Amino acid sequence: MKLSFCAIKKTAFAVVLSTASLGSSANSETLDIGVLLPSPIADVGWSHALVEGFNGVKEKYGDDVKLNIVENIQEGPDADRIMNKMVGDGNKFLLLGSFGYMNSGLKLAKRNPDMSFIHASGYKVGDNFSPFTAKYYEGLYLMGMAAADLTKTKKLGVVGAYAIPELISSINGFALGARAVDPEITIDVIWLNSWFDPAKAQASAKALIANGADVLFSNAQDTPSVVAVGEEAGVYVFNLNSSMSEYAPTKYLGVVKTDWGPFFSASVDAHLNGNFEGRNEWLGVDAGVVVTEEWSSDISSEMVERIKTVEAEISSGARHVYDGPIHNQDGEQMVAVGERLDDGGILGINWHVQGVNTPLPK
Amino acid sequence: MQLQFERRDTPSKPLIFATPFIAIAITILLSSIMLIIQGKSLQTTFFAFFIEPFESTYALSEVLLKFGPLLFIAQALAIGFRAKVWNIGGEGQMIMGAILASSIPVYFTDSESVFLLPAMILLGAFGGMFWAGIAAFLKTRYNANEILVTLMLSSIALQILYFFLLGPWKDPMGFNFPQTVMFQDAALFPPIIFGFRLNYSLIIPIFFTIFVWIYMEKRFGGFQLTVGGLAPRAATYAGYSANGAVWKSLLIAGMAAGIAGMSEVAGPIGQLQRSVTSGYGYSAIIVAYLGALHPLGIVFAALFLSVIHIGGDYALVTADLPISSVHIFQGLLLVTYLSSYTFVNYRFKPRKTRVEEIESRLI
């Protein structure tokens, strides 16, 4: 018995030692792009859309770029180490796919001036560190119009991840669009405090339906849970980032898609040309990043026409979602007639527009 | 021939040292099958797990960064486990320590006082002790099961954390995200090597380990605790207080977990946020048992667990392994280790036939 233990011991050493001579070596010819994601890539959703955004880059550069993806990494102290490792392994361009990676990412960017960083949903900027966000609210305004066309109860429901400005401004856009069509419409919101919690998302969606909502908005949930509940209960439902129509074949209202392709390609080009500059990238309908599509065939043709017109106006700049007059939940006027909420006001927004019933978590 | 499981008279010394290697060998064997099915490179994976954590100063500093809190909490928990006081709420005690300690940089944002850090350590210790103290009170007064109480208190602590982050302590410039301001330098442990996250909080667990070793092995108080766990009746006859053991075990563990939680927010994280514990409260239970509840064993166990954790993070990047495979690998290692360790105290023996048994009795 003792002998065989020794034998096992020796094999264990041998395996460990034989691997010791082999390290990973980075090829200096190709550009290694590191991608750090907060949720599994899956077939749909946020992380999926981010990875899809590199398709154009891969097509253009072929084998000269290599994508190194690490998915499902919680925002926290361990993410910092994984980022460091990605840099150490020779990735020169890093996509950080979640708000919570901001502070660690910025520190890393300062230490590696030869690298370029793009960071989703943040607000801090560095010389080689660009936060990027989509103007979801532009697409949401159009969705609000479509929802107003279809709702019978005049109640809309939202399942939201975190009450951060990006999501608050989306809900406001949704409310403004819907109430531009029918001012009697109200909106209820349930916050999950998670990007990824299918069980809670489903329970919340059911609660909203029980409360009378007949159009649901899955706000930044990375699973089709809310969409599936909508189909099951027979209420219209839509989501962000990538199409989930296969989970709601009859009740899918449409999708506010994010096509990161144009922005990612431009950023990688800039990095390779040596002129990448960190700045706040805030991209909407006119940049081709926010795309509303897959409209439900139940929407009346007049409304489809109206939506097309408004979309063209937003794209050309003739119309802005946050044009006054806009009142907050308490009826106070926040934006006067003829005025427009400035970018800073939208990026840091912490109030809901009139028509949203639920107060913000305080 | 049938086999029977029999307790050894004395633990097998050679096996104590062989066990880790046996466990590693079996894990490598089993996970190789998994990796081959996945089509991943065996060499790159094992290299990432066992060599990369030692490859650079940075990697080593990260191993030690994880080592600190694991060692600290595991040493403290082991004291209770030896006295048969099952505190599995280290997680909640960590959170309460982190919350209380964070109150100082949150309310004194501009202070650069040298007393900031010591005050935070004290508050962190108090937070953890208070939370563990609730369990001790309910146990000694109402005989409430401390396993349930400490575990449930962890869930409550998490909700208290969310309350502060979503409400009163939210960073006013943080775009409504559930987190506090970044702490000023005076409220952070200084780094041991500039630019790395490893910091001087590591000193506390090391001194604590020395203290525990002396206390448990050399002092009467430690002896009382151990006897209370091994032979409760004997302890009662000898006049050792059972309630005292509960209070001592829980308060020491609460203090350690609280300071560990404080060291996370005043160390690698630098602010109070949703995830502050990295699961140390639970991992420390594994460390305590991997180390056979012995102060020195726990040092090695904490080091070992830190290494495979850092190795796991590296395997994600270099070996392109999905995070679930990393968890399977780490789980396999622990299961094989704990099951192999059984053979230190037990052995297989051929079962005697009925005739042989009677014969042996006659003799």
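**Fold of chain A and a helix of chain B**

In chain A, 65% of the contacts with a separation of 6 or more are between residues 24 or more positions apart. The model is a predicted one. Chain A has 362 residues, of which 48% count as buried, and its secondary structure comprises 12 helices and 14 strands. The C-alpha trace of this chain spans about 80 × 55 × 40 Å along its principal axes.

A good place to begin in chain A is the open sheet, where six strands follow the order E7-E6-E8-E9-E10-E12 with mixed pairing. Strand E7 (186-191) and strand E12 (290-293) of chain A form the edges, each pairing on one side only. From one strand to the next, the twist averages 15°. Helix H6 (residues 136-150) of chain A packs on this sheet, where it touches strand E6 (155-160), E8, E9, strand E10 (252-258) and E12. The direction of H6(A) makes about 175° with that of E10(A). Within the sheet, strand E8 (residues 215-219) and strand E9 (residues 236-241) of chain A pair in the parallel sense over four bridges; A:Val215 has A:Tyr236 in E9(A) as its bridge partner.

Turning to chain B, helix H13 (residues 323-345) contains 23 residues and so, at 1.5 Å a residue, should span 33 Å; its end C-alpha atoms lie 35 Å apart, in agreement with this expectation. The buried residues of H13(B) are B:Val326, B:Phe329, B:Gln330, B:Leu333, B:Thr336, B:Tyr337, B:Ser340 and B:Tyr341. These buried residues pack against three helices of chain B, namely helix H1 (13-38), helix H11 (280-290) and helix H12 (295-318).

Technical notes
Residues are numbered from 1 along each chain as its sequence is written. Chains are lettered from A and ligands numbered from 1 in the order in which they are written. This is a predicted model: local features need pLDDT of at least 70, side-chain atom pairs count only at pLDDT 80 or more; totals for chains, interfaces and linings use all residues. Helices (H or I, at least four residues) and strands (E, at least two) are DSSP runs, numbered from the N terminus. A residue is buried if 20 or more other C-beta atoms lie within 10 Å of its own, exposed if 12 or fewer, and partly exposed in between; C-beta atoms are placed from the backbone. Two residues are in contact if their C-beta atoms, placed from the backbone, lie within 7 Å. The expected span of a helix is 1.5 Å times one less than its number of residues. Two strands pair if DSSP finds at least two bridges between them. Axes are lines fitted to C-alpha atoms, for helices over the stretch in contact, and angles run from 0 to 180 degrees between N-to-C directions.
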